[in-house]
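Please take a moment to look over the sequence and the model below before reading on. The paragraphs that follow lead from the overall fold to the contacts between its parts.

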Amino acid sequence: SFPPLEPPAAAMSLTAISSTPSGGRSSGDGGLNLGYSRTIPGLLKIGQLLSLLVAFLCVRLARGWPSWYAFQFFEVVVLWFLVAFLIFFLMHLCRLQVKMPCINWPLAEFFHYSVGSVLIFIASIIAAVKCGAVSSLVVASVFGLIATFLMVVNLWTSYSVACGPAAGTSSPLIGQFV
């Protein structure tokens with residue numbers, strides 16, 4: 001006989017246990033969530049990680065920075081958010097948000113992406129202005145701007161998850177002025 005059909009992802013419980021064709025049991029929250037890397041938020045995070053990595057390597061391997069302080073700031077900001085976004089990506093891959101429910105993960109990610117997009121945008125603009133026609137520094141600032149764009153898209157798509165009203169609830173202001 002065939003295994004039972006899985007319910008939609010939105011209706012699944014975090015501790016769902018299904019039976020396998022061999023009669024064994026498999027937990028829904030164990031192992032890696034490799035399917036996350038094929039979703040839109042997963043692909044956005046991979047794009048952010050790759051663009052930040054390219055930006056960091058371009059600045060790190062460049063010779064003769066025209067403005068040491070500007071590119072040191074760029075390097076620190078890009079490296080910090082590269083590590084932070086890698087942690088968020090690994091958190092989703094390993095399903096750590098299920099194991100640590102005391103933290104509001106969507107809200108923490110939302111605030112981190114909003115601060116990151118502003119700081120990386122500022123660092124990229126400063127890097128673009130101070131590059132002094134050094135090609136690797138120009139490429140670094142372009143990849144910083146690409147990462148900023150991907151972070152804004154991620155903020156746009158995750159806004160309803162982090163800050164939107166819960167399903168089935170209405171705003172407290174609706175009906176007060178009628």
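Helices and strands are here DSSP runs, with at least four residues for a helix and at least two for a strand, and they are numbered from the N terminus. Counted in this way, the secondary structure of the chain comes to five helices and two strands, and, read from the N terminus on, the elements follow the order β-β-α-α-α-α-α. It should be kept in mind throughout that this is a predicted model.

A record gives a further way to divide the chain: in an unreviewed entry, UniProt lists residues 42–62, 69–90, 110–129 and 136–156 under "transmembrane region". In the model, the span of residues 69–90 is 100% helix and 0% strand, with its end C-alpha atoms 32 Å apart, and residues 110–129 are likewise 100% helix and 0% strand, with end C-alpha atoms that lie 29 Å apart.

What lies in the interior? Of the 178 residues of the chain, 31% count as buried. The largest nonpolar core has 33 residues, among which Leu52, Val59, Phe71, Phe74, Phe85 and Leu137 touch the most other members. Helices H1, H2, H4 and H5 (135–162) each supply at least two residues of this core, and the largest share, 11 residues, comes from H2.

Charged side chains also connect the helices, and the count of salt bridges comes to two. In one of them, lysine 45 pairs with glutamate 109, with the closest N and O atoms 2.7 Å apart; this pair links distant parts of the chain, since lysine 45 is in helix H1 and glutamate 109 is in helix H4, 64 residues apart. Both lysine 45 and glutamate 109 are buried. Arginine 60 and glutamate 75 form a salt bridge as well, their closest N and O atoms being 3.0 Å apart, and because arginine 60 lies in helix H1 and glutamate 75 in helix H2, the pair ties together parts that are 15 residues apart in sequence. Are these two residues buried or exposed? Buried means under 20% relative accessible area and exposed over 50%, with partly exposed in between, so arginine 60, at 48%, is partly exposed, whereas glutamate 75, at 6%, counts as buried.

Aromatic rings provide another set of contacts, with a count of seven aromatic pairs. Tyrosine 36 and phenylalanine 89 form a tilted pair, 6.2 Å centre to centre and with 50 degrees between the planes. This pair links distant parts of the chain, with tyrosine 36 in the loop between strand E2 (25–27) and helix H1 (40–60), and phenylalanine 89 in helix H2 (residues 68–93), 53 residues apart. Tyrosine 36 and phenylalanine 89 are both buried. Tryptophan 68 and tyrosine 69, by contrast, form an edge-to-face pair, 5.3 Å centre to centre with 85 degrees between the planes, and tyrosine 69 is exposed, because its relative accessible area is 69%. Phe81, Phe85, Phe88, Trp105 and Tyr113 form one aromatic cluster.

Finally, the surface has a nonpolar patch of about 650 Å², made by Phe73, Val118, Phe121, Ile122, Ile125, Ile126, Val129 and Leu145. Helix H4 (residues 105–129) gives the most to this patch, with six residues. Valine 118 lies in helix H4, and valine 118 counts as partly exposed because its relative accessibility is 47%.

Notes
Residues numbered from 1 in each chain as written. Predicted model: local features only at pLDDT ≥ 70, side-chain atom pairs only at ≥ 80, totals over all residues. Heavy atoms only, no water. UniProt positions renumbered as here; feature names shortened; annotations may be inferred. Phe/Tyr/Trp six-rings, centres within 6.5 Å; stacked < 30°, edge-to-face > 60°. Buried < 20%, exposed > 50% of the residue type's maximum accessible area, 1.4 Å probe, protein only. Patch = residues over 30% accessible without salt bridge, like charges linked within 9 Å, V, L, I, M, F, W, Y side chains within 5 Å. Areas by Shrake-Rupley, 256 points an atom, 1.4 Å probe, with all protein chains shown as cover. Salt bridge = Lys/Arg side-chain N within 4 Å of Asp/Glu carboxyl O. Core = buried A, V, L, I, M, F, W, Y, C linked by side-chain atoms within 4.5 Å.
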